[in-house]
Amino acid sequence: MPRPRPSGSGVAPKPRPAEEPWGRVTDDGTVSVREGDQWREVGQFPDGSPAEALAYFERKYADLAAEVSLLEVRHRRGGASASDLRSTASGLREKVVGASAVGDLAGLDARLAALTDSLAAASETEAAAAREAVDEAIRFRTDLVEKAEALAARDPRGVQWKQASADLTSLFDQWQNHQQNGPRLPKSIAQQLWKRFRDARAIVDKHRREFYAELDETHKAARDRKARLVERAEALAPRGEDAIGAYRDLLEDWKSAGRAGKKADDALWARFKAAGDALYSARGEREAADAAASVEKIEAKSALLDEARVIGDESDTAKARSLLTAVQRRWDDIGRIFPRDKERALDDELRKIELAVRQREDTDWKRNNPETKARANDMTRQLTDAIAKLETELATAEASGDKAAIAAAREALSARQAWLKALGG
């Protein structure tokens, strides 16, 4: 393929009619481009026909035009940085001006000039948005820093460390994600914020290590104390149910021993509870045996209750008391009953019968008390005397015909007679 020679060879071009409006070729293969009213040599193509020479430089123009069109399309579609496109347009414009190509170079330059102006305005908008994005990024990271510092400022004794650790990890993940995907911050501000965030993390980590170190000591002390309580509880086994009271005392000590860590607590508690279960099991076995032995006793006391209920029908209080006393002696001879609630129910029934007999005895005593009888006899004599006197007064009043005196005497006499009747006179 013939290679073009650059322009400026010193041979004066011989004009000839141009086959295209933007270029022409001389006899020696020199190619020129029309720029306004002037022609500018762009190169030589001596080894080919004029048409081939012109087509060669027209292709160069077409390549430049394609680059301009592509740049315009990228600007219209958006997504690319206006400042980057502006830099590309500036470089492309330098290639167009004085380019060794045949075509409307002035038109390409005008398009690039218009594109550059548009990109300049877009760059300003883009720069403002970038500044706003940086400001927002600074606010976002500052918020992360302040949250980390708030965690660092809390009293370690009141912190839920599992949640606090998760919160700090979340803040750090947000920081890394924002650093990788967010806008680039000014170096001095980024370093200052990172130092604050890093220092807050270090303080939280220090507090967490100290807390867990102290917690380990507390757990160790509680673990040792509970281990001793387990040994003492297990040593109670030979005493059986008699040691239940002592075991309950140990249980109170267990409650105040503190936490030894979940795993240790569960293991020690399993042993401690097993020791107590053995004691309560011994009591359960004894109660079961007692309950089995009490079946006949329950039947015997139930039969005695049937006898005791008949005592309520005895009119002679002294005889009723004697019958009840005999039942009570046989009741006591039968002995204790298990379970206790059954024994209490039977005792309550017998107690009701005894209370009824006692109430009858109290009533008889009040009725037959010598002092009470003496007072009643004295009152009877007084009422008898008063009645005799009132009868005399009534007779006198009737003889005199005094109605008021008669009425008063009758009323007083009627009242005294009622009182006497109430006393059994």
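## A walk through a predicted model

Leaving aside neighbours within four places in sequence, Gln328 is in contact with Arg321, Leu350 and Glu354, where contact means heavy atoms within 4.5 Å. This is a predicted model, in which local features need pLDDT of at least 70 and side-chain atom pairs count only at pLDDT 80 or more, while totals for chains, interfaces and linings use all residues. Residues are numbered from 1 along each chain as its sequence is written, and side-chain values use heavy atoms, with hydrogens and water left out.

Let us set Gln328 beside a second residue, Ala288. Buried means under 20% relative accessible area, exposed over 50%, and partly exposed in between (1.4 Å probe, protein chains only). Helices are DSSP runs of H or I with at least four residues, strands are runs of E with at least two, and both are numbered from the N terminus.

| Residue | Helix | Relative accessibility |
|---|---|---|
| Gln328 | H9 (residues 317-334) | 18%, buried |
| Ala288 | H7 (residues 262-293) | 48%, partly exposed |

Ala288 also gives a feel for distance: from C-alpha to C-alpha, Ala288 and Thr26 are 132 Å apart in space, and 262 residues separate them in sequence.

Now for the interior. A nonpolar core is a set of buried Ala, Val, Leu, Ile, Met, Phe, Trp, Tyr and Cys residues joined through side-chain atoms within 4.5 Å. The largest one here has 27 residues, and Val31, Leu64, Leu71, Val102, Leu105 and Leu108 have the most contacts inside it. At least two of its residues come from each of strand S2 (30-35), helix H1 (50-77), helix H2 (82-96) and helix H3 (105-153). H1 gives the largest share, nine residues. Not counting residues up to four places away in sequence, Leu64 touches Leu92, Lys95, Val96, Ala99, Ala101, Leu105 and Leu108. Another core lies apart from this one, with 21 residues, including Ala137, Ile138, Trp161 and Ala164.

How far can you trust the picture? The pLDDT, the predictor's confidence in each residue from 0 to 100, averages 84 over the protein, and 92% of the residues score at least 70. Over residues 1-20, the pLDDT is below 50, and this stretch has 43 contacts in the model beyond near neighbours in sequence. Where pLDDT is low, the predicted coordinates should not be read in detail.
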